[in-house]
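Biologist: Could you take me through this model and tell me what the labels rest on?

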Amino acid sequence: MKLKSILLSAAACVAMLTSGLAFASGGGMVFKHADTDVTSQAQLLRGLTVFTDTCMGCHSAKYITYKGLMDYPELGISRAMADEFRGDNALSSGLHTELAPEDAVESYGKVPPDLSLVVPGRRGGVDYIYSLLTGYAHDESGRVDDGNYNTYFPGNRTAMPDPLGWLDHDAEDTAELEQQAHDVSAFLEFIADPHQNTRRDLGVYVMGFLLLLTLVLFLLKREVWKDVH
Amino acid sequence: MKTKLFAWVDRRTGAEAIIKSQLTEYPAPKNLNWMWVFGAIAMFVLILQIVTGIFLAMYYKPSAELTAGGFSVAFDSVERIMRDVNFGWLLRYVHAVGASMFFLVVYIHMGRGMYYGSYKEPRELIWIMGVVILLIMQGAAFFGYLLPWGQMSFWGATVITNLFGAVPVLGDLIGQLLMGGFSVGDPTLNRFFSLHYLFPLLLGAIGGGHMHALHPVHSNNPDGIDLDQNDPKNVVMFHPYVTMKDAFAVSAFLMLYMYIVFFNPQMGGYFIEVDNYLPADPLQTPAHIAPVWYLTPWYTILRVFEVKLVGIAFMGASLAILFVYPFLDRSPVRSARYRPVYQGMVIMFFIDVIVLGYCGHTTTTEATKIAGTIATFYYFAFFLALPFLPKFEKTKALPEGV
């Protein structure tokens, strides 16, 4: 008993934490897996295009500035491209939609949420976003109109009308639409925490350093204690 | 051996005597096991929290004033730290994850004290100061969680300040003093920021007292027996023996801590909740309001009672009973190693607190309600049974020395 039992309790605590992870992040619903790679410049740039062409019709991402698009090495956008994107907006301006909030309320019943933090801000994260974009279906019970019925939206009735045109799309377009959904999911995952690649890269070195430090301190401890019995 | 500079300082401060009495000639039992490293780790995390907090406060702005997209000045400043401040993301993740790690370490530290009887005579005061530290930590964590002004910040603060409002007679006054108004708003954010800066300083001071109270009575040991502190057979000097052991432990602990910071800082919503990525919206209540994991055991005790006031009373009692724990336990034997009944009870207690924590975190179902009620009952039964334990517990024979 003694020490072991306490360690067991601690282990049980950790096990509870980790076993709960899937449940906490998914909220009980099973989502489709989003095939995203936030280190892939090609995917992020395709996602950016989907974002500016489609999402930005209604949504903003105010924490991402045009200058930010240039500064993040993952995107690697040139000044000329940034100028093309921003039009009359300042370089330091966030990605704001042209849709006025009052017009949005009139058309959709609510102001579309800012998408800067949509991935960590939804249960299921990036898988939820991908599932939502490819989750439009016909309501079997007929209560919800086409375009507002989504398999993955909590309560199934969403105010966002099928942005990619998933409902009743031609079979040969499936791959293309899925790709768009993957790409824009990857872009949204990236912009939620734009230093995440730096963080993970740096983390490898930090762990390596700590491993060495711990080893040295372990040997030091053993040396200091060797005459204690 | 002494340099001229050190001799100069020593004559004016008595530095050498302090170093001797605190480190190089302060004895520690040599049979301390690895459970004794968590106090040093807690001190390390507190210092790290204060240092990262000072730098975060250079950029953070405590204002609930609305900005574009339904966000606020406070939320914007946190995102600015995450995106534009050099290594701001590192400071914030170390600080946010640090809150959870601090509680994890302190809970293990408390569990060690409970298991080996470190709270018992003559160390009651160390335990009592530790409980004060726990309460201040909970306060600091609660105040700090409001600062990003996210949905869970706002609604968590609303739920807890309303709790104080349910206290008879003084409730309204306490609630209004806490919130700086009639609901959680900009004044609340400002005073919580001020208090969030104050409380860790209190922690530093009371933590100093916690250690000072340890000195005259010396560390307990896994056998819970009285040791002759002058006998080299029993003890080693704090420095270099314990300091090197603690340094290794801190480094090993940092591997876990930094792994979370760099590879999984949200910990799947346990360390930074999903709803806190949404800006605070007083008009929209989140579907499920739960405190962060380290406060959930007490949240369960609060929720299992139908009447709000009764729940508050029991939650208060569950913390207050910790103060009298050293006096409820009348057994002359300290360590659970030699107390078979207490050993079972205290291990059950650790599991019980984990069950309470789980029930407070998930959405309430019939099952969690029953489990929470039983766990709440056991929480109090554990403490209240202690005075009667020596009447029938057959303790084992204690060893003579280490």
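Modeller: Here is some back and forth on the terms and the values behind them.

Modeller: This is a predicted model, where local features need pLDDT of at least 70, side-chain atom pairs count only at pLDDT 80 or more, and totals for chains, interfaces and linings use all residues. Residues are numbered from 1 along each chain as its sequence is written, while chains are lettered from A and ligands numbered from 1 in the order in which they are written.

Biologist: Why are H8(A) and H10(B) called roughly antiparallel?

Modeller: Helix H8 of chain A (residues 196-225) packs against helix H10 of chain B (residues 238-263) at about 165 degrees, with the axes 9 Å apart. Angles run from 0 to 180 degrees between N-to-C directions, and over 145 counts as roughly antiparallel. So H8(A) is roughly antiparallel to H10(B).

Biologist: What makes up the contact of H8(A) with H10(B), by class?

Modeller: There are 23 nonpolar, three polar and four charged residues. Nonpolar covers Ala, Val, Leu, Ile, Met, Phe, Trp, Tyr, Cys and Pro; charged means Asp, Glu, Lys and Arg; the others, Gly among them, are polar.

Biologist: What share of chain A is buried?

Modeller: Of its 229 residues, 32% are buried, meaning 20 or more other C-beta atoms lie within 10 Å of a residue's own.

Biologist: Where do the domains of chain A run?

Modeller: Domain 1 covers 30-194 and domain 2 covers 195-229, with bounds from an automatic or database domain assignment. Their centres, taken over C-alpha atoms, are 42 Å apart.

How values were computed:
Helices (H or I, at least four residues) and strands (E, at least two) are DSSP runs, numbered from the N terminus. Angles under 35 degrees count as roughly parallel, over 145 as roughly antiparallel, 65 to 115 as roughly perpendicular and the rest as oblique. A residue is buried if 20 or more other C-beta atoms lie within 10 Å of its own, exposed if 12 or fewer, and partly exposed in between; C-beta atoms are placed from the backbone.
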